[in-house]
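Biologist: Could you take me through one part of this model up close, the open sheet in chain B and whatever packs around it? I'd like to know what order the strands come in, and then how that part fits into the rest of the chain.

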Amino acid sequence: MSVQPGQTQAEPRRAPKRRKRPFRTDQLLGWVFLAFLLAYAVIPMLWMLSTSLKTQFGALQQPPRWIPENPTLAQYRLLLSPFNDVGRDFLRYLLNSLWVSTATTVLGVLVAVPAAYAFSRFRFPGRNALFFTVLVRNMFPLVVFLIPLFILMKNLHLVNTHWSLIITYLTFGLPLSIWLLKGFYDNIPPQLEQAARIDGASRFQAFWLIVMPLSSPGIIATAIYAFIQAWNEYVYATTFLTDDRLLTLPVGLQRFFAEYSTNWPGLMAASFIMSVPVVVMFLLLQKYFVRALTEGAVKS
Amino acid sequence: MAKVVLDRVLKTYEGVVAVNEVSLTIEDGEFVSLVGPSGCGKTTTLNLIAGLIDITDGEIRIDGTTINDLDPKDRDIALVFQNYALYPNKTVYDNLAFPLRMRKMPKADIDARVRQTAETLSITPLLARRPRELSGGQQQRVALGRALVRNPKAFLMDEPLSNLDAKLRVQMRSELKRFHQELHATVIYVTHDQLEAMTMSDKIAVMEGGNLQQYGPPDEIYHRPANAFVGTFIGSPSMNLLRGTVEASDGATTVAGSGWRMVLPPDLTGALEAAGSPREVIVGCRPSHVQLSHEGSATGFPAEVYTIEPTGEITYVHLRVGTLLLVAAVDPAFQVAVGDRVWVDFPAAWMHLFDGTTERSILRDRPIPA
């Protein structure tokens with residue numbers, strides 16, 4: 001059989017027109033708004049960085065200075081060195097936080113992916129009721145669950161373990177993860193899996209080889225979201241954990257507030273280090289994140 | 001290639017019948033179209049053959065082997081989807097190679113087969129591209145290639161041309177037909193487009209409401225529809241149908257409805273008696289067979305010209321008879337104006353007759369006029 005492949009016609013390119021752009025008020029307002037948002041997000045970060053490089057004296061100086069007079073990395077050296085008490089504690093909190101957040105993320109993805117896929121693809125009795133129940137959790141503020149969950153964890157002998165936090169964070173994170181991922185799977189035509197199954201794949205292979213790669217932006221976005229939530233959480237961590245060695249970073253940072261004085265540069269340096277994993281993760285994966293939030297939400 | 005048999009295939013969804021005991025035999029190398037309006041069960045039937053949905057009752061056999069309980073992957077059939085269902089994250093090459101990789105074919109063989117298939121379909125220059133970088137026609141070709149690449153026992157196609165623009169559709173239609181002729185492939189083709197069914201098929205299965213209405217070669221379906229539904233569904237514009245009461249007087253048999261009366265040709269009265277002399281019948285005639293004249297005729301009836309649609313080649317004249325509308329396809333030379341009174345004749349040779357109650361054809365055994 002000899003046939004020509006269908007040809008696509010290129011769009012005729014328009015000659016670029018140079019026109020004086022008229023002044024647009026709405027555009028200007030847009031820029032002002034963006035500038036405001038940027039300042040809102042960046043100024044605290046810069047202040048944090050600046051203070052972390054100051055000495056204790058410099059941090060309390062009036063009027064405050066943006067650029068530290070004698071910048072020093074002393075606080076970072078102290079925090080990141082396992083050879084002193086402050087550093088040992090800080091690194092332990094960092095590891096605790098990493099463990100809790102990573103476990104929450106990994107377990108969350110392992111549960112959310114099959115759950116979202118099932119909600120998207122299968123019609124089973126009680127499907128809508130179950131999906132609704134999953135979402136209802138999101139209608140209550142977190143604090144409402146604090147005492148009931150504490151009692152539950154106590155009865156399960158999980159208070160003062162990291163598992164109490166991991167389980168709690170999963171409870172809170174999963175509904176949104178499932179919701180987000182379901183939107184993603186809804187957008188993947190089921191014919192792709194059917195095609196794969198006819199092409200020789202088993203049901204699981206069709207999911208693993210075809211659907212999974214297509215939904216990876218969604219999974220990555222969900223994972224980032226779950227990680228950040230767990231990484232930043234304070235209220236439950238401070239309630240469920242009393243053992244000093246188990247504290248996570250947000251709770252551990254408290255120790256920089258002493259009764260009579262606060263080590264501001266130390267606190268800021270610790271905060272800065274704490275924000276690094278989140279920022280790095282975001283920078284590396286932001287294109288997936290944006291794609292997930294736009295593609296998953298809007299049906300094409 | 002293989003022979004596919006559907007034996008009283010039943011599919012119900014929570015008590016609702018989607019496919020009602022359909023029996024079909026598709027011979028080795030035959031091109032069979034399943035055609036019918038939306039929701040008639042044609043795609044469900046195709047998915048049952050593919051194994052994408054479970055059969056409720058009955059049997060599907062390929063070359064004598066019952067495949068009811070086989071996974072889609074073990075049925076050795078290929079399906080071309082309406083939306084092509086190309087794997088968007090794979091290149092054209094990998095799309096074509098996927099079915100072979102799933103069958104654990106050696107790498108060198110895969111490469112040879114993929115390249116050969118690409119050559120056949122003239123898509124070799126596209127092998128490195130991804131589906132979204134292809135035009136609709138190219139995607140269509142790749143979808144066909146993915147089916148072709150592994151020499152399946154049968155090809156199933158689910159409205160593969162419906163996403164293409166009109167011009168490309170006509171081109172691909174003839175290509176598909178040639179592809180079938182060259183490969184002697186067994187093809188089961190689902191379409192709602194009766195023209196596609198007519199032009200490509202060896203046999204057509206007309207479905208409606210989950211029931212198989214008629215199964216036969218295009219000529220037979222067109223000229224000897226089994227019932228009024230098949231008569232109107234196949235052919236465009238649709239067959240004209242007039243429901244009327246049979247009256248015998250003065251040795252002539254006439255059929256009359258509101259605003260019309262026609263004398264039934266003598267050779268049809270026998271068939272009418274053989275069918276148990278129903279009191280009510282439906283008389284049918286395709287627009288292209290309707291004869292119009294300005295002078296009165298003994299066998300016909302008058303009608304008023306309602307609208308005129310010239311297409312250049314043929315002019316469609318819409319007529320009003322009482323509250324009914326009829327269509328006649330006439331030569332553009334026929335001079336007529338809106339509001340004119342013309343005479344309508346259904347020539348005996350091209351007349352269809354259906355039982356008024358069962359809507360079944362009374363003339364199925366009549367030979368097709370040459």
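Modeller: Here's a walk through the sheet, then the helices, then the wider chain.

Keep in mind as we go that this is a predicted model. The sheet you're asking about is an open one with six strands, and in chain B their order is β6-β7-β8-β3-β9-β10, with mixed pairing. At the edges you find β6 and β10 of chain B, each with a single partner strand, so one side of each has no neighbour in the sheet. Going from one strand to the next, the twist averages 15°.

Let's start with β3 of chain B, which covers residues 31–35 and runs parallel to β9(B), joined to it by four bridges. One pair to find on your screen is B:Val32, whose bridge partner in β9(B) is B:Lys203. Now move along to β9 of chain B itself, residues 203–208: five bridges tie it to β10 of chain B, residues 211–216, and this time the two strands run antiparallel. Here you can look for B:Ala205, which sits opposite B:Tyr215 in β10(B). β9(B) and β10(B) make a hairpin with two residues between them, and in its turn B:Gly209 has a positive phi of about 55°.

At the β6 end of the order, a helix comes in. α4(B) packs on the sheet and touches β6 and β7 (154–158) of chain B, and its direction makes about 175° with that of β6(B). That same α4(B) also turns up, along with α3 (107–120) of chain B, in what covers the buried residues of α2(B). As for α2(B), nine of its 11 residues are buried, which makes it mostly covered. Among the buried ones are B:Tyr93, B:Phe98 and B:Met102. After α2(B) comes B:Lys104, with a positive phi near 55°.

α1 of chain B, residues 42–50, is another mostly covered helix, with eight of its nine residues buried. Those include B:Lys42 as well as B:Leu46, B:Leu48 and B:Ile49. Just past the end of α1(B) you'll hit B:Gly51, where phi is positive at about 90°.

Some of these pieces also face the other chain. In the contact between the chains, 31 residues of chain B meet 21 residues of chain A. On the chain B side, β6 (77–80), α2 (92–102), α4 (136–148) and α5 (166–183) each supply at least two residues, and α5(B) gives the most, with five. Sorted by class, that side of chain B has 18 nonpolar, seven polar and six charged residues.

Now zoom out. Chain B has nine helices and 20 strands, and its C-alpha atoms fill a box of roughly 80 × 45 × 40 Å along the principal axes. Of its 370 residues, 41% are buried. The chain is divided into domain 1 (4–231) and domain 2 (237–355). The C-alpha centres of domain 1 and domain 2 of chain B lie 39 Å apart, and the contact takes four residues from domain 1 of chain B and six from domain 2 of chain B. On the domain 1 side of chain B, the residues touching domain 2 split into two nonpolar, two polar and no charged.

Notes: Residues are numbered from 1 along each chain as its sequence is written. Chains are lettered from A and ligands numbered from 1 in the order in which they are written. This is a predicted model: local features need pLDDT of at least 70, side-chain atom pairs count only at pLDDT 80 or more; totals for chains, interfaces and linings use all residues. Domain bounds come from an automatic or database domain assignment. Two residues are in contact if their C-beta atoms, placed from the backbone, lie within 7 Å. Ala, Val, Leu, Ile, Met, Phe, Trp, Tyr, Cys and Pro count as nonpolar, Asp, Glu, Lys and Arg as charged, and the others, Gly among them, as polar. Two strands pair if DSSP finds at least two bridges between them. A residue is buried if 20 or more other C-beta atoms lie within 10 Å of its own, exposed if 12 or fewer, and partly exposed in between; C-beta atoms are placed from the backbone. Axes are lines fitted to C-alpha atoms, for helices over the stretch in contact, and angles run from 0 to 180 degrees between N-to-C directions.
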